[in-house]
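Q: Could you go through this model with me, one helix at a time, and give the cut-offs as you go?

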Amino acid sequence: MMKKKMTLFAMAVMLTGMLSACGKDAAYVRDIKASDYVTLGEYTGIEVTVDDPATTAEAKAQEHMDYLASICAEAVEVTDRDVVQTGDTVNIDYAGYQDGVAFENGTAAGADLTIGSGAFIPGFEDGLIGKKVGEDVTLDLTFPDDYKAPEMAGVAVTFEVKINSISIMEPCELNIEFIQEVTNTDYATIEEYREFIYGRYYENEVLASENDIAGSIAKAVMDGSTFKQPPEKMIERYRNIQVEDMTTQLAAYNVSLDAYMQTYYGMDKDTYMEQFTQDATTIAKQYIMFQAIADAEGLNPSEEEFNQSLEAHVADSGYESMDAFKEEIGEEVYYEYLMSETVMDFLKEKAVVSYGTAE
């Protein structure tokens with residue numbers, strides 16, 4: 001099943017030229033009475049657990065520093081054991097044979113191979129685990145059917161391998177001069193650079209956490225609510241957004257939507273349009289749910305508030321004029337965005353959020 005992550009507003013702003021209607025042909029939430037389509041369950045006090053942004057940012061900052069240390073890592077020969085383990089870099093001589101005859105590019109001497117890297121065909125690296133330095137190893141293997149060299153695809157071969165030595169990569173001890181060189185920054189100390197990296201990760205993790213909170217709350221409220229089928233025109237509008245969005249993106253690569261969906265998802269047009277319809281129905285239900293909460297809690301923006309917000313958005317978005325925005329996007333789309341953001345802020349304020357390890 002295809003899953004497409006996108007905020008509701010980001011999806012909505014891609015739609016142009018859709019006209020508002022009434023009754024069963026309603027395309028926007030302000031065309032309907034939301035409570036006719038949803039019976040709300042509990043929507044305050046929703047309990048949500050998300051990863052602590054500080055903890056995840058700290059872990060990612062450490063991974064970043066470890067990566068820098070790995071750049072200048074050096075191979076150190078292992079002398080306290082002679083058995084190959086996953087993660088070792090082994091120096092080997094090998095020769096590959098097909099029906100007893102050495103095949104082209106299948107022989108090398110003094111080659112370094114990191115066990116677990118996937119650099120060789122399946123079975124080669126695994127076949128060396130547990131073997132000893134100085135040992136001669138015979139590996140009966142088969143090249144993958146999709147191997148990059150067509151003449152070897154699916155071919156059964158034998159490799160004769162000699163293990164010369166084992167080494168491990170030891171990270172270097174970081175110094176600020178090295179960090180300045182590889183990162184093109186001018187931080188005076190390692191700690192200053194690390195704090196900078198942590199800060200960047202923390203900003204991203206806070207944003208991700210907020211998105212997780214919003215998504216979890218919306219799902220919980222939806223799961224606790226009972227819906228009637230949304231108006232067909234509303235579903236059609238969101239379905240069109242998905243189709244137009246994907247079609248536009250794929251056109252940049254000269255790929256048709258039909259070809260893409262068939263190649264990557266095995267879906268013919270009827271199947272993927274049904275998936276789009278299901279996704280569009282879920283989106284429509286969510287907007288209707290938000291509108292019902294806005295109605296119940298008095299969260300609908302006044303005309304003055306709406307106009308002020310719209311004007312600020314148009315100015316910040318770089319549109320030439322209000323008319324240009326209305327022609328491309330439309331007031332109703334912006335209303336849905338503003339209303340849903342207001343409701344989500346309310347739901348987050350009323351939720352019980354815990355920071356730990358989300359399941």
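A: What follows covers a short helix, its surroundings and then a lysine elsewhere in the chain. This is a predicted model, in which local features need pLDDT of at least 70 and side-chain atom pairs count only at pLDDT 80 or more, while totals for chains, interfaces and linings use all residues. Residues are numbered from 1 along each chain as its sequence is written, and side-chain values use heavy atoms, with hydrogens and water left out.

Q: OK, which residues of H3 are buried?
A: In helix H3, residues 176–183 (a DSSP run of H or I, at least four residues, numbered from the N terminus), the buried residues are Ile176, Phe178 and Ile179; buried means under 20% relative accessible area, exposed over 50% and partly exposed in between, with a 1.4 Å probe and protein chains only. They cover an arc of only 155 degrees around the axis, which puts them on the same side of H3, the arc being that of the directions from the helix axis to the C-beta atoms.

Q: And what covers them?
A: The cover includes helix H2 (53–71) and helix H4 (190–223), where contact means heavy atoms within 4.5 Å.

Q: What's on the face turned away?
A: That face carries the exposed residues Glu177 and Glu181.

Q: Switching topic, where is lysine 350, and what does it touch?
A: Lysine 350 lies in helix H10, residues 331–350, and is partly exposed, with a relative accessible area of 40%. Leaving aside residues up to four places away in sequence, lysine 350 touches Thr44, Gly45 and Ile46.

How values were computed:
Helix = DSSP H or I, 4+ residues; strand = E, 2+ residues; numbered from the N terminus.
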